[in-house]
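Student: I should like a close look at a single part of this model, set in the context of its surroundings. Please take me through it in one connected account.

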Amino acid sequence: MSDIILLGTRKGTVIFDRSNSTWRPRPIAHAGIPVCYAARDPRDGTLWASLDHGHWGPKLSRSRDGGATWENVLSLKYPQGARYIVKYLPTPDFDPEAPAGQPEYKDATVFKIWNLAFGHAGQPGRLYAGTIPGGLFVSDDGGDSWVLNRPLWNHESRGGDLFTGEATSKNLWGGTPASIDYGVFEPGIHSIVLDPRNSNRIHIAVSSAGVLETADGGLTWQSRNRGMRMDYLPNPEAEWGHDPHFVTGCPGQPDHLWQQNHCGVFYSDDSAQNWKKVSMPDAGVHFGFPIAVDEHDGLTAWVVPAHADSQRMAIGGGLYVARTTDGGQTWQSFRTGLPQDHAYDIVLRHGLDIAGDCLCFGSTTGNVYLSEDRGETWQCLGNHFPPVYSVRFG
Amino acid sequence: MPGQPFSAGLFGAIRLNGMPTVKMTQHLYRFFPALENRTVTVQAGSVAEILHAVNQIAPGFTDYVLDERGALRRHVYLSVNDTIVVDRKTLSDRVQDDGTVYIFQALSGG
């Protein structure tokens, strides 16, 4: 059972401690600084926070004493020569059928360190970081140094190896709206799913490109978007351009992957070789950002539904969590303990987590809720937190 | 020591005449307390050279003000005396011996 919960919020890192069955928040860390992701490395207990300084650039912060003190980690940087083909947000007169103009190249810099993943127990010091503009970084020394995964960065779907020239100059990845705050429209890696059985197998999800898998430790990457559908491009089944909001896997049944996508909820029981849409709009299960899966049962997952992309808020003013136990064939809604009047909460992609029978989520309204019975009833841990970007059990 | 001027050169905490001064938003003192309550003077040179000289005093300073390409971060403004630098990419503007470099942040809120 987990005894701490970390929140990444717009105003800093909030850590809850469990004591005598009561969860209490500590004074905020990184006060005043947006923290887009915070998590604890289960291997050595190191706490990590990804700082989203508005002025001073993205930075990692690390605590090796349980949060008593934090140190800056300034080592995650794009290497010289890392370039990408610039994307622009489509304007009202954008014509997707028009021939593309000359590609525009840009030197890569980190806009956002969107999430972190911790390597296998047998890989001490191995960390992964997903970033905007679409680079996956790997560390083997606990974050003291980072290396850009070049096979993914140089993937043919992004235009090939731009370190050495103009390559194919054909970029099929889209930008993520989450990057617009930084004045750009570039892709971002927000999900990194490690296979507990095989350290060489990793799935990542990219907004807005889709899901990719490596089975050889990052030497090669393949798209894993078969069965996906998108509503916003002329060809809804195109290989690239999908907008997964979050992808997660079942640790006990790693072939079972779940995806809350911009265009619905998707499920795979074959390691993302094929996806199946399991949305149930009549039950409100369709649009949203986060998704959690049971640690042992790959058929059981939870979402926090939202109205739609045009109204990113709770449906009908009532906040609820939906759970499936049959791979998305049916969904059950749970509202006990959650506000049912005038609730306009939206839970972002990293804002829901699970540990055993406990689930916790936080919203951009600053509400944080905890369930200790697999999502059926909820208790409020507070209503006045800053907008919550991430929730992770430690 | 608060209030004591210092330089980035071999002369340690001795204020040298005829060297550019660097002034900055107090927000940076949170991350670099060594720069607080001091007059920061460095050898004359380009803006880029001056920022890297400050980085010698406060390691990591340039990671906050510049991106990994050496360009000014988007929401950072920098002026030499009262002239905002236009070359934000290579920071090639020359700062005279009696010049002052100001580093401040664009205002934003919420």
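Tutor: Two strands are taken to pair if DSSP finds at least two bridges between them. The model is predicted, and the part chosen here is strand β20 of chain A, which spans residues 264-268.

By the definition of pairing, β20(A) has a partner in β19(A): the two run in the antiparallel sense and share five bridges. One of these contacts places Val265(A) in β20(A) as the bridge partner of Gln260(A). The connection between β19(A) and β20(A) is a hairpin, made through two residues. β20(A) also pairs with strand β21 of chain A, residues 276-277, again in the antiparallel sense, over two bridges. Here Lys276(A) in β21(A) is the bridge partner of Tyr267(A).

As to burial, β20(A) is mostly covered, with five of its five residues buried. Gly264(A), Phe266(A) and Ser268(A) point one way from the strand, while Val265(A) and Tyr267(A) point the other way. Both sets are buried. Val265(A) and Tyr267(A), which take part in the pairings named above, thus belong to the set that points the other way from Phe266(A).

The wider setting is the division of chain A. Domain 1 comprises 1-73 + 243-394, and domain 2 comprises 75-90 + 103-173 + 202-223 + 235-242. Between the C-alpha centres of these domains the separation is 24 Å. Contact between them involves 20 residues of domain 1 of chain A and 21 residues of domain 2 of chain A. On the domain 1 side, the elements that give two or more residues are β4 (35-40), β5 (47-53), β6 (57-63), β18 (244-249) and β19 (257-261) of chain A. β19(A), the hairpin partner of β20(A), is therefore one of the elements listed on that side. By class, that side has 12 nonpolar, three polar and five charged residues.

Elsewhere in chain A, an open sheet of four strands has the order β14-β15-β16-β17, with antiparallel pairing. Strands β14 (188-195) and β17 (222-223) of chain A stand at the edges with a single partner strand each, so one side of each has no neighbour in the sheet. Two bridges join β16(A), residues 210-214, to β17(A), and Gln222(A) in β17(A) is the bridge partner of Glu213(A).

Notes
Residues are numbered from 1 along each chain as its sequence is written. Chains are lettered from A and ligands numbered from 1 in the order in which they are written. This is a predicted model: local features need pLDDT of at least 70, side-chain atom pairs count only at pLDDT 80 or more; totals for chains, interfaces and linings use all residues. Domain bounds come from an automatic or database domain assignment. Two residues are in contact if their C-beta atoms, placed from the backbone, lie within 7 Å. Ala, Val, Leu, Ile, Met, Phe, Trp, Tyr, Cys and Pro count as nonpolar, Asp, Glu, Lys and Arg as charged, and the others, Gly among them, as polar. A residue is buried if 20 or more other C-beta atoms lie within 10 Å of its own, exposed if 12 or fewer, and partly exposed in between; C-beta atoms are placed from the backbone.
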